[in-house]
Amino acid sequence: MTRSARFTLHPDFTVGEVNPRLFGSFVEHLGRCVYTGLHEPGHPTADEAGLRTDVLDLVRELGPTAIRYPGGNFVSGFRWEDSVGPVDERPRRLDLAWKSTESNRFGLSEFIDFVRKAGPEAEPMMAVNLGTRGVTEAIELQEYANHPAGTELSERRRAHGDKDPYGIKLWCLGNEMDGPWQTGHKTAEEYGRLAAETARAMRQIDPDVELVACGSSGSGMDTFAEWEATVLAETYDLVDHVSLHAYYWEKDGDRDSFLASAVDMETFIEKVVATCDHVGAKLKSEKKINLSFDEWNVWYMDTPNPHEVAEWEEAPRLLEDVYSVTDAVVFGSLLIALLRHADRVAVACLAQLVNVIAPIMTEPGGPAWRQTTFFPFAQAAKYGRGTVLDVRVDSPSHETKKYGETDLLHATAVRADDGSVTVFAVNRGQTEPLPLEVALAGLGLTEVVEHSVLADANPEARNTLVDQERVTPHAGEGTALADGALTATLEPLSWNVIRLR
Ligand code: AHR
């Protein structure tokens, strides 16, 4: 039997408060995220606006907060004016990013309606196009969306039927502008200047908007870190956050390295924090730039699409990854990594929400169901609220090809305002159960409320159209709290949520 993994929790040793926006998500005009995902007029569950209420029910259960829109790569060719006004008059356009045809039947107004129905904490996180467009279009969109009335653009919104302003607070200044695949891709200098000028103009309309500058589209980019430093040198006083994007998948059958993906995510976060603080120090600024990890997930991006897709097809089946239990355990570990850095990660968006590398899948005219990754997200969004406690694990470890010696246990703990504590833990070991002992100094905890486990005898098990509930969480066995210590056994390759009060 493997030796126990251990850590100590103490109310005085904390990382920081969790910003609810850590549980954000992302809706891009990509594949079937919008069309036949969120929006399907004529579907038996569609509401008067064409939103699928079966999907809305699952979205509310999932609990996303900030919802980023409309891209992604899509935003770099997005003409916001196309997406408003009478639906039948909206133009059809080529979407260069995904080689699809965009009908614009779902646009800004429909998105805001969706967000308002998506749960009490849902808020829009709007991206502006800094690929093919610039300052003028960004401030025109802001005026259309947020100005109450009395100008041509605000009155246009009102004439379109939306009397109340949308009140969008959080804005992304473009998307992945460092990537050569991005329409209108720029150098760090070019983008930094444009982002600064756009931010300045947007703040002239509303000094309280919150702005995200594009960081690198991945830590493996050749320009990584230098990009952030150059962009922030231009924008430091004008923006609140810098973005990070990361996707992980199993390569060459190296599952141990895949299970340790959060090592890379945590290193990425720490390097971006260091870069932000370096620029702040150079500028002699007291201000801290926070992180917006506004695209993260497991994504098998190099696996060929199993669906046949024609060029310029409307709402094709793209990026419809079907997640295994193993993927969900890695996904949970990524959530743990975000929580462990809650002092600086102020926003994070699971990319994406429906059908496209998503926790929710739908069939046109048919059902909607939960992928394996749905469960860790919903549990973290519900119980990962409060103060993150500083967790330093003493864990058995093993050698991984990519990350060297790696702890088998990956964990964090969050203390809610009522004093209850939730431990989130992953056993990265594929074959052995991992005994866990947690010393609970001074927390006044006496009871295990629940130990929920996501694991399966078949780590390849998945939920599919024909077997929608093949994988669901089950109760852990033998979990106990006595004499100020929690003891539990973490099944091999498992995601665990242990709630204490
Ligand atoms: O989420 C899918 C794509 O991944 C986004 O459009 C882009 O920003 C990233 O490369």
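**Exercises: a helix pair and some cysteines**

In this predicted model, Ser261, Ala262, Met265, Glu266 and Ile269 of α8 touch Val330, Ser333, Leu334, Ala337, Leu338 and Arg340 of α9, where contact means heavy atoms within 4.5 Å. Residues are numbered from 1 along each chain as its sequence is written, local features need pLDDT of at least 70 and side-chain atom pairs 80 or more, while totals for chains, interfaces and linings use all residues, and side-chain values use heavy atoms, leaving out hydrogens and water.

**Exercise 1.** Sort the residues where α8 meets α9 by chemical class.

*Solution.* The contact splits into 7 nonpolar, 2 polar and 2 charged residues. Here Ala, Val, Leu, Ile, Met, Phe, Trp, Tyr, Cys and Pro count as nonpolar, Asp, Glu, Lys and Arg as charged, and the others, Gly among them, as polar.

**Exercise 2.** Work out how α8 and α9 are arranged.

*Solution.* Start with the axes: those of α8 (residues 261-282) and α9 (residues 325-340) come within 9 Å and cross at roughly 25°. Axes are lines fitted to C-alpha atoms over the stretch in contact, with angles from 0 to 180 degrees between N-to-C directions. So α8 is roughly parallel to α9 (angles under 35 degrees count as such).

**Exercise 3.** Find how many disulfides there are, then check Cys172 and Cys214.

*Solution.* A disulfide needs two cysteine sulfur atoms within 2.5 Å, and the count is 0. For Cys172, the nearest cysteine sulfur, in Cys349, is 7.0 Å away. For Cys214, the closest one belongs to Cys172, at 7.5 Å, so it's too far for a bond. Cys214 is also buried, at 2% relative accessible area (buried means under 20%, with a 1.4 Å probe and protein chains only).

Note on methods:
Buried means under 20% relative accessible area, exposed over 50%, partly exposed in between (1.4 Å probe, protein chains only). Helices (H or I, at least four residues) and strands (E, at least two) are DSSP runs, numbered from the N terminus. Angles under 35 degrees count as roughly parallel, over 145 as roughly antiparallel, 65 to 115 as roughly perpendicular and the rest as oblique.
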